[in-house]
Amino acid sequence: MIVRIMGEGQWKLADSHLVELNGLDDELLEEMEAGDEEGFRRTLGALLDAVRRLGSPLPDEVLEPSELILPAPDATLDEVRAMLSEDGLIPG
């Protein structure tokens, strides 16, 4: 699967990593619903770090369709809320 982090680029990840990413996405959703800015920042950072750690970055000149699009590290709560589906940032 191809994951884009807005403002950074794309990473190729094995589908097997979805379980870990979904766990972080669930935490992020709970923190957003609670208005927990500190928790939101921490978990968004952990989610993006997991993509970087688990994935292989694609070269900048390669542009593949992204199955997942994640917010930039400095995204606000409101910006991330606008990106959410009922499942969070990561469907499933």
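A polar contact is a pair of N or O atoms within 3.5 Å. One such pair sits at the start of helix H2, where a side-chain oxygen of Asp-36 comes to within 3.4 Å of the backbone nitrogen of Glu-38. The model is predicted. This briefing starts with helix H2, then turns to the core, helix H1 and the sheet.

**Helix H2: length and sides**

- Helix H2 covers residues 37–54, which makes 18 residues.
- At 1.5 Å a residue, H2 should span 26 Å, and its end C-alpha atoms are indeed 26 Å apart, so the two values agree.
- Which residues of H2 are buried? They are Gly-39, Phe-40, Thr-43, Leu-44, Leu-47, Leu-48, Ala-50 and Val-51.
- These buried residues cover an arc of only 155° around the axis, so they lie on the same side of H2.
- An α-helix has 3.6 residues a turn, so residues three or four places apart point the same way.
- Glu-38, Arg-42 and Arg-53 are on the other side of H2, and they are exposed.
- What do the buried residues of H2 pack against? Their partners are strand S1 (2–5), strand S2 (9–12), helix H1 (18–34), strand S4 (68–70) and helix H3 (77–83).

**Two buried residues of H2**

- Ala-50 lies in helix H2. Its relative accessibility is 1%, so Ala-50 counts as buried; the cut-off for buried is under 20%.
- Not counting residues up to four places away in sequence, Ala-50 touches Glu-20, Leu-21, Leu-24 and Gly-55.
- Ala-50 and Gln-10 are 40 residues apart in sequence, and their C-alpha atoms are 13 Å apart in space.
- Thr-43 is also found in helix H2. Thr-43 counts as buried because its relative accessibility is 3%.
- With residues up to four places away in sequence left out, Thr-43 touches Leu-24, Glu-27, Leu-28 and Glu-31.
- Leu-24 is thus on the contact list of Ala-50 and on that of Thr-43.

**The largest nonpolar core**

- The largest nonpolar core has 22 residues. Which of them touch the most other members? They are Leu-47, Val-51 and Leu-70.
- S1, H1, H2, S4 and H3 each supply at least two residues of this core.
- H2 gives the most to the core, with six residues.
- Leu-47 is in contact with Leu-21, Leu-24, Leu-28, Leu-70, Leu-89 and Ile-90, leaving aside its neighbours within four places in sequence.

**Helix H1**

- H1 has 17 residues. From its first C-alpha to its last, H1 reaches 24 Å, close to the 24 Å expected at 1.5 Å a residue.
- The buried residues in H1 are Leu-21, Asn-22, Leu-24, Asp-25, Leu-28, Leu-29, Glu-31 and Met-32.
- Those buried residues pack against H2 and H3.
- Gly-35 comes just after H1 and takes a positive phi of about 70°.

**The sheet**

- In what order do the strands of the sheet stand? The order is S3-S2-S1-S4, in an open sheet of four strands with mixed pairing.
- S3 and S4 are the edge strands, and each pairs on one side only.
- In a regular strand the side chains alternate between the two faces of the sheet.

**Pairing, strand by strand**

- S1 and S2 pair in the antiparallel sense, over four bridges.
- Three residues separate S1 from S2 in a hairpin. In the turn, Gly-7 has a positive phi of about 80°.
- Partners across S1 and S2 include Val-3 with Trp-11, Arg-4 with Gln-10 and Ile-5 with Gly-9.
- S1 and S4 pair in the parallel sense, over three bridges. Here Ile-5 stands opposite Leu-70 in S4.
- Ile-5 therefore has Gly-9 as its bridge partner in S2, while Leu-70 stands opposite Ile-5 in S4.
- S2 and strand S3 (residues 56–57) run antiparallel and are joined by two bridges. Trp-11 stands opposite Pro-57 in S3.
- Trp-11 also stands opposite Val-3.

Definitions and conventions. Residues are numbered from 1 along each chain as its sequence is written. Side-chain values use heavy atoms; hydrogens and water are left out. The expected span of a helix is 1.5 Å times one less than its number of residues. Buried means under 20% relative accessible area, exposed over 50%, partly exposed in between (1.4 Å probe, protein chains only). The arc is that of the directions from the helix axis to the C-beta atoms. Contact means heavy atoms within 4.5 Å. A polar contact is a pair of N or O atoms within 3.5 Å; within protein, one must be able to donate a hydrogen and the other to accept it, and residues adjacent in sequence count only if both atoms are side-chain atoms. A nonpolar core is a set of buried Ala, Val, Leu, Ile, Met, Phe, Trp, Tyr and Cys residues joined through side-chain atoms within 4.5 Å.
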